[in-house]
Each structure stands twice: as C-alpha cells, then as structure tokens.
Amino acid sequence: MDSHTHLLRLERPPGEAVRMAREAGVGAVVNIGTDVEDSRRGAELVTALPGVYSAAGIHPQNAGNYTAEDLEALAELLEEPGIVALGEVGLDYYREYWSKEVQQALFEDVISLANDTRIPLIIHNREAFDDTMGCLSRARVPVVLHCFEGGEREIREAGERGYYIGLAGNVTFRKSVTAGFLHLIDPGRLLIETDAPYLSPEPVRGTRNEPKNVVYTARFIAERLGMKPEELGRMTARNARDVFGLPLEV
C-alpha cells in the first residue's frame, strides 16, 4: 500500500489514480492533508473511494496562517470515519516559509492534540531532524517519520523510540544516504510511500508521481534487503495496518 500520498494534487482524478494503483497491485492508500480545507476534502474521499484512508493536518508551510479555530476544526475532523492520523505536520527548515519559532509553536500544538485524541502523527521533517525529535519527545502516540532522509544516527535514534520510517521515491536516487543503511531499519517499523505527485522513484523520476509508482520503491528496497517485492509489500502493509488501525487483511 501507499502510506502517504496527495490524491487531491494529482493531474488525474483521485478515483482514476486509485483504480490504476489497484491494477498495479496497490490495495490501499492514505491521503494526506496539508491544511484544514485540504483535510476536509480528504475526509470526503474516504467515503467516496474504497481503499482510501486519510489524515488531517497542517503542513509547516502553512504554520503562519493557522488559528485556534483551525485546531478545533482538526480535532473535529479526527473524529470522522476513515481519518487515521494527524498529518502531515512537523518542521521544514529547507524552505523555511515561516520562522522556526512559528513552526515549532504549531508543531507543539498538534502534538498536544494528537496526545489528547490518541491518534498517530505523520511527521514532515526537512533539514530539522534534531528539533523535530526534540519536539516529539512530548508525543505519547505512534509516530511516522514520512519521507525519511537520514543515515545511521538518525535511523538508530528513530528505532530507539519505536518510530515508523516511511520511505519514498527519493530512497531510489543515486545520492540517497538512507539507501546505504536500509538494513538498520526495524522491519516491523518500515512503511513505503509515494508522496505523490512529488518524488517519483527511479525509473520514472522526472515525471509526476502517482500512487501506482510505489511498486518501484518497493522493488528497490526489497532487492537491497534480500526480499521478494511481494513479501516486502505484505510486510509494510501489515505495518501500516497496525500503526493506523486499518481494517486490512494482509
């Protein structure tokens, strides 16, 4: 399954993208919210499309615009059927749309919301690993480090905390540091994702990504771990089922 995708940002309609993913062997997807309105539309997809689940969140690029009313709206969305996580949320120091202080204030608020509602967190972290982990020390719920980028130190720290690691298409890139340390990731904490329409994996890099392309990332990881792609697919689907509480038989 594709544990992290943005169905509402694809060039093709969400229903068509989900159908094509299913034909490629991808049985379920988790759509990700980046602000309140995006999350509301994601909740509507859950009821419209079988095999689609969704997360509600506020991306750090929107940190400067959020209000107390937005947090209340997120709390209400988390009660909707098929909303399985709070995300994506976190810190982004690469683009730094907003100051570190503004981003961290939002991040701390949504961590508190996750703790109150007992729902998993899906984390966006870009060039902010240490601050992200510092804030997450207050989290009392399962944590998914989406689109993970890091080497031995970061993988070991995530593993010590029992966090899930989501690997996207960038792990297939020639300069990926993470690709050299895949053997250090706890198999029971590994997820695969697309982050579509971004980060298309090899061999379709350079095109707009889609949920169906998660199979390329699965093949890449499976080869390096000495597994069959089907075996890796079942394992990571079970992991997604467990962290998000999905009604899947895998």
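Here a trainee and a mentor talk through some charged and polar residues of this predicted model.

Trainee: What makes glutamate 11 and arginine 208 a salt bridge?

Mentor: A salt bridge needs a side-chain nitrogen of Lys or Arg within 4 Å of a carboxyl oxygen of Asp or Glu. The closest N and O atoms of glutamate 11 and arginine 208 are 3.3 Å apart, so the pair meets that cut-off. The two residues link distant parts of the chain, 197 residues apart. Glutamate 11 sits in the loop between strand E1 and helix H1, and arginine 208 in the loop between strand E8 and helix H7.

Trainee: Why is glutamate 11 called exposed?

Mentor: Exposed means over 50% relative accessible area. Glutamate 11 has 68%, so the word fits. Its partner, arginine 208, has 40% and is therefore called partly exposed.

Trainee: How do you know that arginine 19 and glutamate 23 are separated by about one helical turn?

Mentor: They are four residues apart in helix H1, which means about one helical turn between them. Their side chains also meet in a salt bridge, at 2.9 Å from N to O. Side chains of opposite charge can pair when their charged atoms come close.

Trainee: Are arginine 19 and glutamate 23 exposed or partly exposed?

Mentor: One of each! Glutamate 23, at 59%, is over the 50% cut-off and so counts as exposed. Arginine 19, at 40%, counts as partly exposed.

Trainee: What makes glutamate 16 and arginine 12 a salt bridge?

Mentor: The closest N and O atoms of glutamate 16 and arginine 12 are 2.9 Å apart, so they satisfy the 4 Å limit. Glutamate 16 is partly exposed at 30%, and arginine 12 is partly exposed at 25%.

Trainee: How many salt bridges does a search of the whole structure find?

Mentor: It finds 14.

Trainee: Now asparagine 115 in helix H4. Why is asparagine 115 called buried?

Mentor: Buried means under 20% relative accessible area. Asparagine 115 has 18%, so it counts as buried. A polar atom of its side chain lies 2.9 Å from the backbone oxygen of arginine 138. Polar contacts are pairs of N or O atoms within 3.5 Å, so that distance falls inside the limit.

Trainee: Which residues form the negative surface patch?

Mentor: Glu69, Glu72, Glu76, Glu79 and Glu80 form it. Asp and Glu count as negative, so the name suits these glutamates. Glutamate 69 belongs to helix H3, and its 52% relative accessibility is over 50%, so it counts as exposed.

How values were computed:
Residues are numbered from 1 along each chain as its sequence is written. This is a predicted model: local features need pLDDT of at least 70, side-chain atom pairs count only at pLDDT 80 or more; totals for chains, interfaces and linings use all residues. Side-chain values use heavy atoms; hydrogens and water are left out. Patches are made of residues with over 30% relative accessible area and no salt bridge: like charges are joined within 9 Å, nonpolar side chains (Val, Leu, Ile, Met, Phe, Trp, Tyr) within 5 Å. Accessible areas come from the Shrake-Rupley method with a 1.4 Å probe; for residues, only the protein chains shown count as cover. The place of a charge is taken as NZ of Lys, CZ of Arg, CG of Asp or CD of Glu. Buried means under 20% relative accessible area, exposed over 50%, partly exposed in between (1.4 Å probe, protein chains only). A polar contact is a pair of N or O atoms within 3.5 Å; within protein, one must be able to donate a hydrogen and the other to accept it, and residues adjacent in sequence count only if both atoms are side-chain atoms.
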